[in-house]
Amino acid sequence: MENVYVIYWSQTGNTKAMADAIAKGIEEAGAKANLLEVSNANVEDLKEAKAFALGCPAMGAEVLEESEMEPFVEALTKFVEGKNVALFGSYGWGDGEWMRDWVERMEGAGANVINNEGIICQEMPDDEAIAACEALGKEVALLA
């Protein structure tokens, strides 16, 4: 059974709810989800992974969380080329610019961003966003 990482940072629980739904989709597709807060994740674990998911809400002026997630993502960009990456997160303001920037950054590093965009929702994910996250989890599992 393939072990698929879902690594996230969440302050209010909104992005964690999305991560939980992605993990559920991974498990439903027959893989094992390894759900980790970024503070408990090791970038080395992803070096051999073919596919994984990363989640972070928009912070400040629509940027990634700066103390834990940003350094993790920066370290990933050194070896993400050719990997299938799912991106997700919630926001409370703005229009999703942080996700567009994140997708562009990962693609610029050579990653294949699944669906060519991340899944975003405003505040707490509704049923539609949860279903989209579960579907994304299934897709990540198939690419792992």
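Trainee: Between which strand and which helix is Asp 95 found?
Mentor: This is a predicted model. In this model Asp 95 belongs to a loop rather than to a helix or strand. The loop runs between strand 4 (84–91) and helix 3 (97–108).

Trainee: Which residues does Asp 95 touch, not counting residues up to four places away in sequence?
Mentor: A contact here is a pair of heavy atoms within 4.5 Å. Leaving out residues up to four places away in sequence, Asp 95 touches Glu 62 and Arg 100.

Trainee: How many Å apart in space are Asp 95 and Glu 62, C-alpha to C-alpha?
Mentor: Along the sequence, Asp 95 and Glu 62 are 33 residues apart. In space, the C-alpha to C-alpha distance between them is 8.8 Å.

Trainee: With which side chain does the side chain of Asp 95 make a polar contact?
Mentor: A polar contact needs a pair of N or O atoms within 3.5 Å. A polar atom of the Asp 95 side chain lies 3.3 Å from the backbone nitrogen of Glu 97, but that partner is a backbone atom. The side-chain partner, at 3.0 Å, is Arg 100.

Trainee: Is Asn 84 buried or exposed?
Mentor: Asn 84 has its place in strand 4. Among the residues it touches are Lys 50, Phe 52, Ile 114 and Leu 143. A residue is buried under 20% relative accessible area. Because its relative accessibility is 13%, Asn 84 counts as buried.

Trainee: What percentage of the residues of the chain count as buried?
Mentor: The same cut-off of under 20% relative accessible area applies to each residue. Of the 144 residues of the chain, the buried share is 50%.

Trainee: What pattern does the chain follow, read along the sequence?
Mentor: The chain has four helices and six strands. With α for a helix and β for a strand, the order along the sequence is β-α-β-β-α-β-α-β-β-α.

Trainee: Why does the radius of gyration of the chain agree with a compact globule, and what is its value?
Mentor: The C-alpha atoms fill a box of roughly 40 × 35 × 25 Å along the principal axes. For 144 residues, a compact globule would have a radius of gyration near 15 Å. The chain agrees with this because its own value is 13 Å.

Trainee: How many Å apart are the mean positions of the positive and negative charges?
Mentor: Lys and Arg count as positive, Asp and Glu as negative. The chain has 10 positive and 27 negative charges. The distance between their mean positions is 7 Å.

Note on methods. Residues numbered from 1 in each chain as written. Predicted model: local features only at pLDDT ≥ 70, side-chain atom pairs only at ≥ 80, totals over all residues. Heavy atoms only, no water. Helix = DSSP H or I, 4+ residues; strand = E, 2+ residues; numbered from the N terminus. Polar contact = N/O pair within 3.5 Å; in protein donor to acceptor, adjacent residues only side chain to side chain. Rg over C-alpha atoms; globule rule 2.2 N^0.38 Å. Buried < 20%, exposed > 50% of the residue type's maximum accessible area, 1.4 Å probe, protein only. Charge placed at Lys NZ, Arg CZ, Asp CG, Glu CD.
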